[in-house]
Amino acid sequence: MKAVSVNYDPIAREYSTHRRAYPGLVEHLAALVPEHGTAAEIGCGTANHLRGITERVDCTAVGLDPYAGMLEIARAAGSTATFVQGVADDLSPLGIAPGSADLIFSVDMVHYLDDPSGYAAQAWNYLKPGGYFCTATDSEWIIRNRQPMTTYFPGTVALELGRHHALERLQQAFGAVGFVAAEQRVFGEEGMLADASRFRDKANSVMHLLPEQEWRDGLARLEADLAHGPVPSNNRTCLLTVRKPS
Ligand SMILES: C[S@@+](CC[C@H](N)C(=O)[O-])C[C@H]1O[C@@H](n2cnc3c(N)ncnc32)[C@H](O)[C@@H]1O
């Protein structure tokens, strides 16, 4: 698999307008961090999830992302977290001691890595024994059943399958680094969508990979259907959790 990179700087504003934490995910992750513990989000973007953790737990929180535009919005949103620029293959910018983190996690980031093993090895180094390494990403089932994306922009299915690592492969790669006790759990919601602005603004990075005409055609069909009323919608992620043995 070849990771397809997207430049998030020019789309940071649209991203922060439309993207929110997955329902239930912040609460779940926050419960893995003890009071006065340490949590790091890799590819934190505008910090939807990390900020939510700092609102629930008094902890040291660090967000890392390659794009200054995303970090600027994360900082402006206000939280006790620290934000640093960097990439998943080198976690030294986190500024935390090796063996000190209770939780290292990512949400919708791991598909940007050609080989997630290097990232997993870095996380292993910075986690405490017993620490959690959590990866929220799209499973094949989530990609094939995403609405209204697959109905109006069917070309996104092949694009998403092409750039996402299969969960089984991630689990294997993390196991090879030494992580144990793998668990998978789906978070998210189903509902109805009344407004096409998220698709007009290309708030999902895959919309930037779709040929322009396909995007225009899909948007026109979506807007035409929305004129008659809301359409089915869902927003899901699968969390793969592994632990560094105690
Ligand atoms: C879809 S956004 C998710 C942002 C955030 N985690 C959230 O849930 O809203 C993907 C993020 O991954 C970041 N990213 C891309 N390549 C990365 C890499 N090699 N290392 C770390 N983060 C990366 C992007 O800058 C972007 O902020």
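These questions and answers go through the sheet and the ligand site of a predicted model.

Reader: In what order do the 7 strands of the open sheet lie?

Author: The pairing in this sheet is mixed. Its edge strands are β3 and β6 (180–193), and each of these pairs on one side only. The twist from one strand to the next averages 20°. Read across, the order is β3-β2-β1-β4-β5-β7-β6.

Reader: What is the handedness of the β-α-β unit made by β2, helix α4 and β3?

Author: Strand β2 covers residues 60–65 and strand β3 residues 82–85, and the two pair in the parallel sense over 4 bridges. In one of these pairings, Asp65 has Gln85 of β3 as its bridge partner. Helix α4 (residues 68–76) joins β2 and β3 in the unit, which is right-handed.

Reader: Which residue in β5 is the bridge partner of Phe105?

Author: Strand β4 (residues 101–107) and strand β5 (residues 127–137) run parallel and are joined by 6 bridges. The partner of Phe105 in β5 is Cys134.

Reader: How much of the ligand's exposed area does the protein bury?

Author: Side-chain N or O atoms approach ligand oxygen atoms at 2.7 Å for Tyr15, 3.1 Å for His49 and 3.4 Å for Asn48. Taken alone, the ligand exposes 590 Å², and the buried share of that is 93%.

Reader: How many residues of the shell around the ligand are nonpolar?

Author: There are 20 residues around the ligand, and among them Tyr15, Glu41, Gly43, Asp65 and Tyr67 come nearest. The shell includes 4 polar and 4 charged residues. The nonpolar residues number 12.

Technical notes:
Residues numbered from 1 in each chain as written. Predicted model: local features only at pLDDT ≥ 70, side-chain atom pairs only at ≥ 80, totals over all residues. Heavy atoms only, no water. Pairing = 2+ DSSP bridges. Right-handed = clockwise from strand over helix to strand, strands pointing away. Near = heavy atom within 4 Å. Polar contact = N/O pair within 3.5 Å; in protein donor to acceptor, adjacent residues only side chain to side chain. Areas by Shrake-Rupley, 256 points an atom, 1.4 Å probe, with all protein chains shown as cover. Nonpolar A, V, L, I, M, F, W, Y, C, P; charged D, E, K, R; others polar. Axes fitted to C-alpha atoms, helices over the stretch in contact; angles between N-to-C directions.
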